[in-house]
Amino acid sequence: MENKFAVLPRHIAIIMDGNGRWAKQRGLKRYEGHKVGAEVFRTITQYCIDIGIKHVTFYAFSTENWKRSKVEVAAIMTLLRQYLEEMRIRFAENEELGCRIRFIGSRAGMPKDIVKLMDTVEKRSADKDKVFINIAVNYGGRAEITESVKEIARGIKRGDIDIDDIDEEMIGARLYTAGQPDPDLIIRPSGEYRLSNFLLWQSAYSEFYIDDVLWPDYTPQDLDRAIEAYGKRDRRFGNAQ
Ligand code: IPE
Ligand code: IPE
Ligand code: MG
């Protein structure tokens, strides 16, 4: 299965969007959309592993998503909790896959039990290096860059960092994604042409693929289409043809 594509992105990032619209179309509560979306997340994670994608990042909850109703936020947190419990129980399976799971985003403001579960799942998979999965929870690109800048400022204050030594590498090394390659391909289902505060720094040269399919309807075939389109892109990184 691994050689199905001419070019395989090293890192795919997916904005899991469209759950609410999917539910609305069916006369269901938004929660039902998130529930199906969470299942699709599991399916697509497995598929990415099957086809040999080394790094996958999913956008699950943004720093702006707290603006939603209490009921909706609580429903999303419950689904996250269920997933984390499952990851803890299915530890052996994950171990076999060599899958390292990391949560990118701010832990501040997150329910304490979820933070604890996140730490457990991260710690238990910390020595795995076959596949890298990032799940962005309470994630905001601006907040991430702000934190990096603050960290550098603290270093300057301590006298450990010289202002003239600040460079892109130094900023990147203090982001949640430190040490990981930038996303080659960013996929957004549900037809919106925006990043919504996702991986602002890391997406400098990412290829974008917008799909009209809503996330709960998203299938491995949809991902195939995005990867095939990616294979036809001409990535220049500022070079001349
Ligand atoms: C994405 O689906 C899930 C989260 C943002 C948590 P939405 O809930 O944003 O779905 P739409 O955009 O309203 O359809
Ligand atoms: C981005 O989707 C966040 C996630 C998918 C987790 P939103 O639905 O929150 O983005 P906007 O509000 O449409 O820009
Ligand atoms: Mg949305």
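This passage looks at one strand, two pockets and one loop residue of a predicted model.

A good place to start is strand E1, which spans residues 11-15. This strand is mostly covered, with 5 of its 5 residues buried. The covering applies to both faces of E1: His11, Ala13 and Ile15 are buried on one side, and Ile12 and Ile14 are buried on the other.

The strand also has partners. E1 pairs in the parallel sense with strand E2 (residues 55-62), and 5 bridges link the two. Within this pairing, Ala13 of E1 is found opposite Thr57 in E2. E1 runs parallel to E5 as well, joined to that strand by 3 bridges. Here Ile14 has Ile187 of E5 as its bridge partner.

From the strands, the view can turn to the open spaces. The largest pocket holds about 720 Å³ of space. Its lining is made up of 31 residues, and those closest to the pocket centre are Met16, Asn19, His34, Tyr59 and Ala60. Several elements each supply at least two lining residues: helix H1 (19-25), helix H2 (30-51), E2, helix H3 (70-89) and strand E4 (131-139). Helix H2 gives the most to this lining, with 6 residues. Sorted by class, the lining of the largest pocket contains 15 nonpolar, 8 polar and 8 charged residues.

The second largest pocket has a volume of about 290 Å³. It is lined by 15 residues, of which Gln46, Met87, Arg90, Asn94 and Leu97 are the closest to its centre. Two or more lining residues come from each of H2, H3, helix H4 (91-97) and strand E3 (99-104). Once again H2 can be picked out, as the largest share of the lining of the second largest pocket, 5 residues, comes from this helix. The classes here are 8 nonpolar, 3 polar and 4 charged residues.

Finally, a single residue is worth a visit. Asn197 sits in the loop that lies between strand E5 (185-188) and strand E6 (207-210). Is this loop residue buried or exposed? Asn197 counts as buried because its relative accessible area is 14%, and the cut-off for buried is under 20%. What surrounds Asn197, once its neighbours within four places in sequence are left aside? Its contacts are then Tyr59, Thr63, Glu64, Tyr139, Gly140, Gly141 and Arg142. With Glu64 there is also a polar contact, made between the two side chains at 3.2 Å. Tyr59, one of the contacts of Asn197, is also among the residues closest to the centre of the largest pocket.

Conventions. Residues numbered from 1 in each chain as written. Chains lettered and ligands numbered in written order. Predicted model: local features only at pLDDT ≥ 70, side-chain atom pairs only at ≥ 80, totals over all residues. Heavy atoms only, no water. Helix = DSSP H or I, 4+ residues; strand = E, 2+ residues; numbered from the N terminus. Buried < 20%, exposed > 50% of the residue type's maximum accessible area, 1.4 Å probe, protein only. Polar contact = N/O pair within 3.5 Å; in protein donor to acceptor, adjacent residues only side chain to side chain. Contact = heavy atoms within 4.5 Å. Pairing = 2+ DSSP bridges. 1 Å grid on protein atoms, 1.4 Å probe; cavity = no way out; pocket = protein on both sides within 12 Å on 5 of 7 lines; lining within 4 Å. Points joined across faces, edges and corners; volume = space filled by probe spheres on them. Nonpolar A, V, L, I, M, F, W, Y, C, P; charged D, E, K, R; others polar.
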